[in-house]
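Please look through the chain below with the labels in mind, and ask of each one what earns it. The exchange that follows takes them up one at a time.

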Amino acid sequence: MSDIRDKLIDAALRLAEAKGLDTSSYRRPENGHLTESLLDLGVSNEHYTQACAQVMGVEYRSSLVNDLGSDEFVRRVPIGYAREHGLLGLSHENGAMPIAIRGLEAWSSFETLGRFLDCPLRPVFVPEEQIAAAINRAYEQVEGQAHEHISQLNRDDVLKAVENLAGHEDLLDTAGRAPVIKLVNLMLFEAVKQQASDIHVQPYDGKVMVRMRIDGILFNAYELPKHLQDEVVSRIKVMGRMNIAEKRLAQDGRTTVQVGDRVIDLRISAIPTSFGERVVIRLLDKSARLYTLEELGMDEQRLDMFKQLIAVEHGLILVTGPTGSGKSTTLYAALQQINSTVKNILTLEDPIEYQLPGISQTQVASRKGMTFASGLRHVLRQDPDIIMVGEIRDHETAVMAIQSALTGHLVFSTLHTNDAPSAITRLLDLGIEPYLVASSLVGVLAQRLVRRICPQCAQPMEPLAEELARLELAPGDVTGQIRAGTGCERCRNTGYRGRVGLFELLVVDDSIRTQIYDRATASTIRRSAIQSGMKSLRDDGIGKVLAGQTTFEEVVRVTMRSTGADSKDT
């Protein structure tokens, strides 16, 4: 082995010299630490692995992007072992399983693996970072295991399964877990894979139904036997650091899990029902990318108007809509758009859903006295230019937000109202004087989310007369390419995949301000705004139907006629 190490060092040094590095002061390590000593010299992981391949006379691959992990390897080798030793089995080639190896130090583990798997193996040296990413991809392909696992559960085994968590739980690591732990991990893992926002564990008289909210719609995922209800609920409550002995009161909890290199925040709520405790888990993917304003779905005219609004020096800008309508995503996109080194931006959130680079974010903690209103008082002492308040819930918060807007700050916040004009009447209902609303409010953006037509199975279609009638359209009004999804594996046979926003932007001009002073109704303000060019949520939805992005059914589901308020999102 020492001869091989010497040859490896020589090969790595030649690569380093070819890069222009000075190797004259390099001292060969006597025992171990070969990798570290070469990396300290400046040899990259890629060049080190390439040198290993040259010395050992085996294949070298710089990337595994196009290689598939072996199902047999994933099934038989725990992910912890694969990560620790930097090994991954690839799909069989010419009767042998290629094993990706990160370096010479993993060679002995490769030999052990050959005896364990009892099949022909062929070593392939691959840079460490490529193997780490490929391991996550390979072990994420174990979808559907929850269905299979449910039928294999034994009550005696399950009763032993409620154990405390230590640190972050990796949902990809299911090897050696007790049955109920493995089941709950697989439930969470499948929800993450399908990009579900919520998991519902809902008890009935003789069964427990697990449901998932995907693209805003609840789907039945699978049934659990009734006798597993208490054990599964207890496991979830242990994860959320909740009291498993208390079953008569509502409880909230939270925890963090991992799926490979993705970090998922879980917000857990449990309430007692007539058939036992009902649990809902909200999933927040902390590693999900942030969207830009251009990606939200605004048409060009509304996008330009909104960009002009958020560029003002001071004032109040509100984003309205029901829970789950994408308000936070829009606010994050707006803050990214205007963020710069010359502005001090602070936020008050409950919860902090995503980390925004260069922006100071504060978590509201009502139980500890840190409410939106009290937090806003402290934030104002931090010399802010721009403030984002997660939600205006009461008179005190509304007063503070408006006073901040009137004293030279740009303030963003949200309200739960059905449309943009109703935000104005909501502020008045909270006890804010009309002159304060008229002086501070710059604009209101109302929004909903509709499901996108699946691009994989989209087909042209003729709209039904009933659909046109519900949207108050005539056949001659349909000028675009109407499409619908027929259903495929990628969209779970729903015909939809992903979501896009519908937007209604109310710009507060002199006419609107006059109506605010007069305490005009929301419908009066709406008529005036539409005359000034505001497009309603329903009109924006019809435009997206004609553009082939969504369907009439979706637009009808989340909006009502433009003469009234819009219905709450499902």
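Q: What makes helix H16 a neighbour of several strands, and at what angle does H16 run to S20?
A: In this predicted model, helix H16, residues 420–429, lies across S12, strand S16 (410–415), S17 and S20. Contact requires heavy atoms within 4.5 Å, and the direction of H16 makes about 60° with that of S20.

Q: What is the strand order of the open sheet of seven strands?
A: The order is S14-S13-S15-S16-S12-S17-S20, and the pairing is mixed. Strand S14 (360–363) and strand S20 (496–507) each have a single partner strand, so one side of each is left without a neighbour in the sheet, and these two stand at the edges. On average, neighbouring strands of this sheet are turned by 20° against each other when direction is ignored.

Q: How do you know that S12 and S17 are paired, and in which sense do they run?
A: Two strands pair if at least two bridges are found between them, and strand S12 (residues 315–320) is joined to strand S17 (residues 441–453) by five bridges, so the requirement is met. The two strands run parallel, and Val319 has Leu445 in S17 as its bridge partner.

Q: Why is Lys237 called buried or exposed?
A: Buried means under 20% relative accessible area, and Lys237 has 1%, so the label is buried. Lys237 lies in helix H11, residues 229–239, and, leaving aside residues up to four places away in sequence, touches Met242, Asn243, Ile244, Glu246, Lys247, Gln251 and Glu277.

Q: Why is His409 described as it is, buried or exposed?
A: The relative accessibility of His409 is 13%, and because the limit for buried is under 20%, His409 counts as buried. His409 lies in the loop between helix H15 (395–406) and S16. Leaving aside residues up to four places away in sequence, the residues that His409 touches include Glu313, His314, Gly315 and Leu380.

Q: What makes the pair His409 and Thr407 a polar contact?
A: A polar contact is a pair of N or O atoms within 3.5 Å, one able to donate a hydrogen and the other to accept it. The side chains of His409 and Thr407 are joined at 3.3 Å, so the distance falls within that limit.

Q: Why is Lys343 given the label that it has, buried, exposed or partly exposed?
A: Buried means under 20% and exposed means over 50%; Lys343 has a relative accessible area of 31%, which lies in between, so Lys343 is partly exposed. Lys343 lies in the loop between helix H13 (327–338) and strand S13 (345–349).

Q: How far apart are Lys343 and Ile386 in sequence and in space?
A: Lys343 and Ile386 are 43 residues apart in sequence, while their C-alpha atoms are 7.4 Å apart in space. Ile386 is also among the residues that Lys343 touches, together with Glu313, Ile338 and Asp385, not counting residues up to four places away in sequence.

Q: How do you know that S10 pairs with both S9 and S11?
A: At least two bridges are needed for a pair. Nine bridges join strand S9 (residues 251–259) to strand S10 (residues 262–273), and 10 bridges join S10 to strand S11 (residues 276–285), so each pair meets the requirement. S9 and S10 run antiparallel, with Thr255 opposite Leu266 in S10. S10 and S11 also run antiparallel, with Arg278 in S11 as the bridge partner of Ile271, and a hairpin joins S10 to S11 through two residues.

Q: How do you know that the span of helix H3 agrees with what is expected?
A: At 1.5 Å a residue, the 12 residues of H3 (residues 45–56) should span 16 Å, and the end C-alpha atoms are 16 Å apart, which agrees. The buried residues of H3 are Tyr48, Thr49, Ala51, Cys52 and Ala53. After H3 comes Gly57, whose phi is positive, near 70°.

Notes. Residues numbered from 1 in each chain as written. Predicted model: local features only at pLDDT ≥ 70, side-chain atom pairs only at ≥ 80, totals over all residues. Heavy atoms only, no water. Helix = DSSP H or I, 4+ residues; strand = E, 2+ residues; numbered from the N terminus. Axes fitted to C-alpha atoms, helices over the stretch in contact; angles between N-to-C directions. Buried < 20%, exposed > 50% of the residue type's maximum accessible area, 1.4 Å probe, protein only. Expected span 1.5 Å × (residues − 1).
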